[in-house]
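Please walk me through this model in the viewer. What should I select at each stop, and what will I find there?

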Amino acid sequence: MEKTKMTDERNILEVENLKLYYKVSDGLVKAVDDVTFFLRKGETLGLVGESGCGKTTTGTALMHMPSPPGYIAGGKIILDGEDIVPLKETEIRKRIRWEKISMVFQGAMNCLTPVYTIGKLMTETLQEHRAFSQGEKASEFSKSRKTPRKMNKEEARKIMVKYLNYVGLSEDILRRYPHELSGGMKQRVVIAMALFLEPKVIVCDEPTTALDVVVQAQIINLLKELKEKLDLAFIFITHDLATEAEVSDRVQIMYAGRIMEIGTNQQIYGEQGPMHPYTRRLLEATPRLHEEVEELAFIPGTPPDLLRPPEGCKFHDRCDVTMEKCKTEEPDLIEVEDDHYVACWRCRK
Amino acid sequence: MSNNKYLVEVENLQKWFPTRRTMGEVFKGQQRYVKAVDGVSFKIERGEIFGLVGESGCGKTTTGKLIMKLLDPTGGKLIFDADDVTHLDKVGLDTYRQNVQMVFQDPYASMNPRFRLRDVLEEPLIIHKKGGTKAERMEMVKKALNEVRLQPPEEFMVRFPHMLSGGQRQRGATARSLILNPKMIVADEPVSMIDLSTRAEILHMMKTVQRELNLTYLYITHDLSTARYFTDKIAVMYLGKIVEMGVPNDVIDNSFHPYTKALITAVCEPIAGKVNRIKEVPIKGEVPSAENIPQGCRFHPRCPYAIKECWEKEEPVLEEVEKGHFVACRRYKEI
């Protein structure tokens, strides 16, 4: 995919030809297959797709923690000017994970240990990292000391309160147990924990899916405010195109481990509409509240089995504008207009 | 069989779950309750799709379970096909369950993984002693699979649930609910676990089946957008009570209750140019616990329009403000 040269100093994260495969007894599942994209400083990139399209897998790859039996089979992840793929696990833990890139996992709010108070849970993250973090990224607390040490309670508390305030929670949350908090509050706690070590990129995997609409809107507002205030870049993973329209500056659509289309919010949701047939039909299938429709559109068929992916374009058997070429050759992702990338033979001039 | 217009009539239905008592309460002889459903009344016409919409914890699933007779109501009345079915004995329940069937939310958990699809579908026939011989039962299974467009049925009958996609499982689950020829189906979030591209397909199939067999649906969901497309009438629930009810166009485009209005503003829509705006969410906080329902109007602590009357006077009742459009709010005219 050399044609799509994306290198640029405005980018905080560049992913080049990333491959993440799962080795299973029946063969190789190419969950993320040759994916190239970038993330600019201070923007939100949306990752959309149906379940099994590789969006969460991409997220875990960026954290350099593919869940076994997955492994990174190739490609580059250039985070803040440094390729993190060849780094050793100890190095990643020390300098990268949670320090430069952190993640709000799907359903993380339901995984808070029930027997710990929020304060204890949050201190743990902080102590673990600040205990061995040193050098350039060391916080003001450990900077003055030569040897790394555990933070004392008062220092940890100060940081925790600061970030709890950022996410709109008060100090007394620290003494509470997870079961005493509502879903929205737990999600805020999890977001605060991802912010702790001042990372530059935060990957949010379905942060609003399990929440009610009103709370969902509150969390979306919170993420927007944090982005402004802390100058963060977000990767927002969801299966819902409607949510993505509200949060993402640019949207990236994935299908069967491949990127189908990347476009700005305006290019995807605007008057002109998306270019890739998959995006177009997915958008048609998204119900809109204020529009009366007699018949909702849908895409017949199911996503392909990634153990035995189809030849050619992965979407060709469900596509309504298939050509002969689509069945044999897979299209590359190319830039069709400014910031708009599409992988479809139909969209070539 | 009566020719009553309404298939289901629910009158002031209540379900209170007792909480565990503290020592003090035991000595004082007190008992507190979680009022999951606290006086709900509505009627479902024959051949209608009735949508019950609300946030989690509003009591919509409990209402569905009460109508399914999976739970016994604390109070109120439930009339099905002109018969009072509020309290049924075992025989009555057997007949009732043939008439009312359920489609569950999670198609991955609602089927026995060691049953083939034909066994899954045969099970209700065996329980209710329908279809004399195995061959007859298999014919009925085939018919049901044809109805939900799992074609050819012979191929799908021998599959195990893990060999089906999410959409196909939900079709299978619908077929299972259809096999006893019910009059009504209670569908609790039938598409919320299904991918977007197939979600519309499932809804479409359910609607087609409903029209062909003249079924009545109770569709329980938190998703206003699908409810608008799918239902003939929507009831919005909040903390165990219905706050607004009417046809989808009235409730969504012309809503009166501040809670409904807030829900509608909060829904995300796939339209460009909203990314840099912070959305105004008119209500604050989250749904209070059903153990501690606020005095007066139960929505007043979160309502931006609440005045003194709202918490001092008794709770507003659901009244008809336009033809077929019901609202439970004291100030609906002013706001």
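## Stop 1: Two cis peptide bonds

Start in chain B and select B:Pro152, which sits in the loop between α5 (134-147) and α6 (153-157) of chain B. Keep in mind throughout the tour that this is a predicted model. Now add the residue before the proline to your selection: the peptide bond from B:Gln151 to B:Pro152 is cis, with omega near -5°. That is worth a pause, because most peptide bonds are trans.

Chain A has a cis bond to show you too. Select A:Pro68 and A:Pro69, and look at the peptide bond that runs from one to the other: it is cis, with omega near 5°. A:Pro69 belongs to the loop between α1 (55-62) and β4 (70-79) of chain A.

## Stop 2: Positive phi angles in chain B

Most residues other than glycine have a negative phi. With that in mind, select B:Asp81, which is not a glycine and yet has a positive phi of about 55°. You will find B:Asp81 in the loop between β4 (75-80) and β5 (83-84) of chain B.

Is B:Asp81 buried or exposed? Its relative accessibility is 9%, so B:Asp81 counts as buried. Show side chains here and add B:Lys183: the side chains of B:Asp81 and B:Lys183 make a polar contact at 2.8 Å.

Next, move to B:Glu189, in the loop between β7 (184-188) and α8 (196-213) of chain B. B:Glu189 also is not a glycine, and its phi is positive, about 50°. With a relative accessibility of 9%, B:Glu189 counts as buried.

## Stop 3: A helix to check with a ruler

Go back to chain A and select residues 183-195, which form helix α6. Try your distance tool on the C-alpha atoms at the two ends: they are 19 Å apart. At 1.5 Å a residue, the 13 residues of this helix should span 18 Å, so the two values agree.

How many of the 13 residues of α6(A) are buried? The count is 11, so the helix is largely enclosed by the rest of the structure. Colour the buried ones to see this for yourself; among them are A:Gly184, A:Lys186, A:Arg188, A:Val190, A:Met193 and A:Leu195.

## Stop 4: Where the chains meet

Give chain A and chain B separate colours and turn to the place where they touch. Here 50 residues of chain A are in contact with 42 residues of chain B. The area buried between the two chains is about 4100 Å², and carbon and sulfur atoms give 58% of it. On the chain A side, select A:Val214, A:Glu246 and A:Leu289: these lose the most area to chain B, together 18% of what that side buries.

Polar links cross this boundary as well. Between chain A and chain B there are 14 residue pairs in polar contact. Which helices of chain A supply at least two residues each to the side that touches chain B? They are α6, α7 (213-230), α8 (241-247), α9 (265-269) and α10 (277-285). Of these, α7(A) gives the most, with 9 residues. By type, the chain A side divides into 22 nonpolar, 16 polar and 12 charged residues.

## Stop 5: Following the salt bridges

A search of the whole structure finds 42 salt bridges over all chains, and 2 of them are between chain A and chain B. Select A:Glu246 and B:Lys274, whose side chains meet in a salt bridge with N and O 2.8 Å apart. A:Glu246 lies in helix α8 of chain A and B:Lys274 in the loop between α11 (258-266) and α12 (308-312) of chain B, so the pair joins two chains. A:Glu246 is buried, with a relative accessible area of 3%, and B:Lys274 is buried at 17%.

Then select A:Asp320 and A:Arg280, a salt bridge with its closest N and O atoms 3.8 Å apart. A:Asp320 is in the loop between α10 and α11 (324-328) of chain A and A:Arg280 is in helix α10, so the pair ties together parts that are 40 residues apart in sequence. A:Asp320 counts as partly exposed at 45% relative accessibility, and A:Arg280 is partly exposed at 28%.

For the last pair, select B:Asp72 and B:Lys69, which form a salt bridge with closest N and O atoms 3.6 Å apart. B:Asp72 is partly exposed, with a relative accessible area of 45%, whereas B:Lys69 counts as buried at 5%. End the tour by selecting A:Glu82, A:Glu91, A:Arg95 and A:Lys100, which salt bridges with shared partners join into one network.

Key:
Residues are numbered from 1 along each chain as its sequence is written. Chains are lettered from A and ligands numbered from 1 in the order in which they are written. This is a predicted model: local features need pLDDT of at least 70, side-chain atom pairs count only at pLDDT 80 or more; totals for chains, interfaces and linings use all residues. Side-chain values use heavy atoms; hydrogens and water are left out. Helices (H or I, at least four residues) and strands (E, at least two) are DSSP runs, numbered from the N terminus. The expected span of a helix is 1.5 Å times one less than its number of residues. Buried means under 20% relative accessible area, exposed over 50%, partly exposed in between (1.4 Å probe, protein chains only). Contact means heavy atoms within 4.5 Å. Buried area is the accessible area (1.4 Å probe) that two parts lose on being put together, summed over both. A salt bridge is a side-chain nitrogen of Lys or Arg within 4 Å of a carboxyl oxygen of Asp or Glu. A polar contact is a pair of N or O atoms within 3.5 Å; within protein, one must be able to donate a hydrogen and the other to accept it, and residues adjacent in sequence count only if both atoms are side-chain atoms. Ala, Val, Leu, Ile, Met, Phe, Trp, Tyr, Cys and Pro count as nonpolar, Asp, Glu, Lys and Arg as charged, and the others, Gly among them, as polar.
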